[in-house]
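The following exercises concern the architecture of a single protein chain. Each task sentence is followed by a solution in steps.

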Amino acid sequence: MSSEDAVSSEGEAAVDSERALVTRAVDGDKAALEEVVHLLQDPLYRLALRMAWRPADAEDATQEILIRVITRLATWRAEARLLTWAYRIGVNYLLNLRRKTPQEAKQLSLEEFRENLADGLAAADYTGPEAELLAHEVRLTCSQAVLQCLERGERIAFVLGEIFELPSPDAAWILDVTPAAYRKRLERARQRIRAFMGSTCGIVNPKAFCRCARRVGTAVARGRVDPRRPVLATHHVSPGGRGVAEAAAQMHRLHDAAAVLRAHPDYAAPTARTDAVLALLQSGRFPLLE
């Protein structure tokens with residue numbers, strides 16, 4: 001059997017396994033329903049976090065998306081992998097989310113964000129308590145903010161293609177556009193991000209002006225980073241997933257714009273939210289068969 005045939009066989013086996021799992025869940029098997037939720041919760045949370053920026057907003061969005069996914073589970077026909085199908089539902093919800101991120105509310109452009117980063121940049125690295133941890137927090141917060149400066153259509157194309165590294169046909173299907181339209185949108189976002197990161201981020205370009213460790217003092221003073229409770233650098237990760245240090249190491253090996261934005265830990269959805277989803281679904285208020 002060739003390597004391509006082996007990959008194809010593995011893919012077919014995975015779809016068959018997902019189909020069997022979904023059938024059991026729709027038929028009322030509570031263990032199968034829990035397995036579906038646990039399979040999807042972390043990837044959907046990471047998608048929501050990239051689009052909604054703040055963990056609290058991402059948690060709200062993930063809960064709503066999971067309910068939509070589960071209550072439509074009987075309509076899945078294996079036209080795509082289960083997670084790809086769930087991403088399509090999640091993307092539709094996130095693109096139409098009324099709540100705006102702070103950057104969206106301010107209509108902050110990448111150029112304006114670059115000016116903001118230059119303002120208050122210290123002459124030397126921060127050396128206070130937890131200096132390394134807070135530099136990680138600044139990097140993670142900044143890379144989130146960069147994405148918010150893209151309009152939502154470009155942002156989701158960049159997230160799917162460059163951060164999640166999905167194949168173009170899958171990403172186009174998720175967005176319900178032609179592959180050509182998706183590639184055009186992705187390339188537009190890539191060009192904007194590359195230009196910004198290349199002129200701004202010292203990780204990508206050693207000649208660029210910005211350094212995470214030199215932004216810590218200003219970020220703390222302006223309330224953008226809480227030194228007592230870093231949000232993203234200490235966020236819970238999925239079992240066996242990348243932590244902050246591993247993600248940073250991968251980023252430094254690659255030295256490109258996408259790698260910096262991709263180098264987040266493998267964040268896990270808060271268990272309290274997914275437990276609440278399961279409780280709602282099992283309460284009978286949200287039937288699987290609409």
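Helices (H or I, at least four residues) and strands (E, at least two) are DSSP runs, numbered from the N terminus. The model is predicted: local features need pLDDT of at least 70, side-chain atom pairs count only at pLDDT 80 or more, and totals for chains, interfaces and linings use all residues. Residues are numbered from 1 along each chain as its sequence is written, and side-chain values use heavy atoms, with hydrogens and water left out.

**Exercise 1. Backbone geometry**

Locate Ala78 and Glu130 relative to the helices, and state the sign of phi for each.

Step 1. Most residues other than glycine have a negative phi.

Step 2. Ala78 lies in the loop between H3 and H4. Its phi is positive, about 60 degrees, although Ala78 is not a glycine.

Step 3. Is Ala78 buried or exposed? Buried means under 20% relative accessible area, exposed over 50%, and partly exposed in between (1.4 Å probe, protein chains only). Ala78 has a relative accessibility of 19% and therefore counts as buried.

Step 4. Glu130 is found in the loop between helix H6 (110-118) and helix H7 (131-148). Glu130 also has a positive phi, about 55 degrees, without being a glycine.

**Exercise 2. The nonpolar cores**

Describe the largest nonpolar core and determine where it lies with respect to the domains.

Step 1. A nonpolar core is a set of buried Ala, Val, Leu, Ile, Met, Phe, Trp, Tyr and Cys residues joined through side-chain atoms within 4.5 Å.

Step 2. The largest such core has 83 residues, and those with the most contacts inside it are Val69, Leu73, Phe158, Leu160 and Met197. Helix H2 (residues 30-52) gives the most to this core, namely 11 residues.

Step 3. Domain bounds come from an automatic or database domain assignment. Because domain 1 (1-99 + 268-289) and domain 2 (101-225 + 233-266) both give residues to the core, it lies between them.

Step 4. A second, separate core has 7 residues, among them Val138, Ala213, Val216 and Ala219.

Step 5. Contact means heavy atoms within 4.5 Å. With neighbours within four places in sequence left aside, Leu160 is in contact with Leu47, Glu165, Leu166, Ala171, Ile174, Leu175 and Tyr182.

**Exercise 3. The domain interface**

Characterise the interface of domain 1 and domain 2 by its contacts, its buried area and its polar pairs.

Step 1. The C-alpha centres of the two domains lie 26 Å apart. In contact across the interface are 23 residues of domain 1 and 31 residues of domain 2.

Step 2. Buried area is the accessible area (1.4 Å probe) that two parts lose on being put together, summed over both. Between domain 1 and domain 2 it is about 2400 Å², of which carbon and sulfur atoms give 61%. On the domain 1 side, Arg50, Trp53 and Arg88 lose the most area to domain 2, together 37% of what that side buries.

Step 3. A polar contact is a pair of N or O atoms within 3.5 Å; within protein, one must be able to donate a hydrogen and the other to accept it, and residues adjacent in sequence count only if both atoms are side-chain atoms. Across the interface, 17 residue pairs are in polar contact (both at pLDDT 80 or more).

Step 4. H2 and helix H4 (82-95) each supply at least two residues of the side of domain 1 that touches domain 2. The largest share of that side, 8 residues, comes from H2.

**Exercise 4. Salt bridges**

Identify salt bridges that join separated parts of the chain, and classify the accessibility of their partners.

Step 1. A salt bridge is a side-chain nitrogen of Lys or Arg within 4 Å of a carboxyl oxygen of Asp or Glu. The whole structure has 22 salt bridges, and 1 is found across the interface of domain 1 and domain 2.

Step 2. Glu18 and Arg81 meet in a salt bridge (2.9 Å, N to O). Glu18 lies in helix H1 (residues 3-26) and Arg81 in the loop between helix H3 (55-71) and H4, so the pair ties together parts that are 63 residues apart in sequence. Glu18 counts as buried at 10% relative accessibility, whereas Arg81 is partly exposed at 37%.

Step 3. Arg88 forms a salt bridge with Asp176, with the closest N and O atoms 3.2 Å apart. Arg88 is partly exposed at 25% relative accessibility, while Asp176 is exposed at 58%.

Step 4. Arg152 and Glu104 pair at 2.8 Å, N to O, and both residues are buried.
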